[in-house]
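Student: I have a structure open and don't know how to read it. Can you walk me through it?

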Amino acid sequence: MNSFGRIFRVNVFGESHGESVGVNIDGIPAGIPLEQEDFLPDLERRKGGARGTTPRKEEDLPFLKSGVFNNRTTGAPVTILFENNNTRSADYAKLREFPRPGHADFVAAKKFGGFEDYRGGGHFSGRLTLNLVAAGVIAKKILGDNIQVNAVIKEVGGYADAEEGLEEAIKAKDSVGGIVECTVDGLPIGLGEPFFDSVESALAHAAFAIPAIKGIEFGAGFAAAKMKGLEHNDPIVDASGKTATNHAGGVVGGITNGNRLVFRVAVKPTSSTPKEQQTLNIASGQVETFSVKGRHDLCIALRVPVVLEAVTAMVLADFMLLEMRVPRVFAQ
Ligand SMILES: Cc1cc2nc3c(=O)[nH]c(=O)nc-3n(C[C@H](O)[C@H](O)[C@H](O)COP(=O)(O)O)c2cc1C
Ligand SMILES: C=C(O[C@@H]1CC(C(=O)O)=C[C@@H](OP(=O)(O)O)[C@H]1O)C(=O)O
């Protein structure tokens, strides 16, 4: 459903063209310094407007509605609201008859009987990743300065040079996908639980909550299938558990091993491509040619790094709380 996490529990709500989107987060330790300004750098990183991203401009100011008093978390749930002020719903009224291939239009209409808010993709919109980024800001505070989460773009449209990949997409007037890599340094040994709550399972669960993510791999990932055992194994070189190589990506047996956590996600090309495409016209019952008008990311991957960092921090903060490595009251 719309909730995730056991202690650090995140609940997202809202629609892209509704009044607002927002997030409610339970299980936050008390006493963490928190104010609106703390959210702005990561929210800025998520914004559109750059080449290859949506021209929809929103202020994306986080309104802290509960759970913060005198600029500290209280231990009660924190609710954060973001307004939607720059919507162009007419773009979507025209699309109603043409469910976009690759977007949630068709399945949402079937599942919710046509009652879903379809404007701007409604609850399925990438706009809801604002909520994840906001939760991630708090999760990063829980992890503290010694645990560093960092995500970067590794590929755009098949090119290691993101600019080149984007140029090709702009030239071709078609959307492209990409690969985003996330690393985490400073994790203790022992996060993750056998059997179903392995670190890989929890991270994959959270990563697939980001719209347009279609794959994930840890460490050597799919390349491991082509390696020999001796090549893939990471020799342990000291009592801290440091390994000479890191094909495991910092997780063995579903549990962090104290080495750098490394994983990558595959982001699909935006379904709302500028190209003409074919789909069922719901009204006529015929497959017809149509094209998506409106404001869209040509490459969603460009916007994913900060979102991936956020869900990663959420998952790890939850594990840290479960391991009782974080006090329920932050003193200082
Ligand atoms: C930050 C972000 C921005 C996105 N922007 C767009 C967009 O402009 N146009 C679009 O069609 N899809 C966009 N998406 C992807 C759709 O929301 C997504 O494809 C759709 O909800 C269907 O989900 P799925 O791709 O996971 O199957 C975006 C996703 C993210 C994470
Ligand atoms: C609004 C955002 O991105 C939107 C994500 C999105 C989608 O289908 O996911 C489609 C577009 O929506 P609209 O047609 O309303 O402009 C993007 O602009 C955002 O990320 O804040």
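Tutor: Sure, let's begin with two definitions. Helices (H or I, at least four residues) and strands (E, at least two) are DSSP runs, numbered from the N terminus. Two strands pair if DSSP finds at least two bridges between them. Before we use those, know that this is a predicted model: local features need pLDDT of at least 70, side-chain atom pairs count only at pLDDT 80 or more, and totals for chains, interfaces and linings use all residues. Residues are numbered from 1 along each chain as its sequence is written, while chains are lettered from A and ligands numbered from 1 in the order in which they are written.

Student: Which residue stands opposite Leu64?

Tutor: Generally, strands of a sheet pair through backbone hydrogen bonds, either parallel or antiparallel. Here, Leu64 stands opposite Ile80 in E7. Strand E7 covers residues 78-83 and runs antiparallel to E4, with three bridges joining the two.

Student: What is the order of the strands in that open sheet of five?

Tutor: Reading across, you get E1-E2-E3-E7-E4, with antiparallel pairing. Strand E1 (3-4) and strand E4 (63-66) are the edges, as each pairs on one side only.

Student: Which helix lies across E2, E3 and E7?

Tutor: For angles, axes are lines fitted to C-alpha atoms, for helices over the stretch in contact, and angles run from 0 to 180 degrees between N-to-C directions. Two residues are in contact if their C-beta atoms, placed from the backbone, lie within 7 Å. The helix you want is H4 (residues 129-143), which runs at about 35 degrees to E3.

Student: And what is the strand order in the open sheet of four strands?

Tutor: That one goes E8-E9-E13-E10, again listed with antiparallel pairing. Its edge strands are E8 (148-156) and E10 (213-218). From one strand to the next, the twist averages 20 degrees. Helix H8 (residues 305-322) packs on this sheet, where it touches E8, E9 and E13, and its direction makes about 145 degrees with that of E8. Look also at E9 (residues 178-185) and E13 (residues 261-267), an antiparallel pair with seven bridges; Cys182 stands opposite Phe263 there.

Student: Is Arg46 buried or exposed?

Tutor: The rule is to count other C-beta atoms, placed from the backbone, within 10 Å of a residue's own: 20 or more is buried, 12 or fewer is exposed, and in between is partly exposed. Arg46 is buried because it has 22 C-beta neighbours inside 10 Å. You'll find Arg46 in helix H1 (residues 36-46). Leaving out residues up to four places away in sequence, Arg46 touches Thr129, Leu130, Val133, Arg303, Val306 and Val307.

Student: Where is Arg51, and is Arg51 buried or exposed?

Tutor: Arg51 sits in the loop between H1 and E4. Arg51 is exposed because 11 other C-beta atoms lie within 10 Å. An unreviewed UniProt entry places the feature "binding site" at Arg46 and Arg51.

Student: Which residues come nearest to ligand 1?

Tutor: A residue is near a molecule if its C-beta atom, placed from the backbone, lies within 6 Å of it. Of the 20 residues around ligand 1, the nearest are Phe124, Gly126, Pro211, Ser272 and His296.

Student: How many residues surround ligand 2?

Tutor: There are 16, and the closest are Thr54, Arg56, Gly120, Gly121 and Gly126.

Terms used: UniProt positions are given in the numbering used here, feature names are shortened, and annotations may be inferred rather than shown by experiment.
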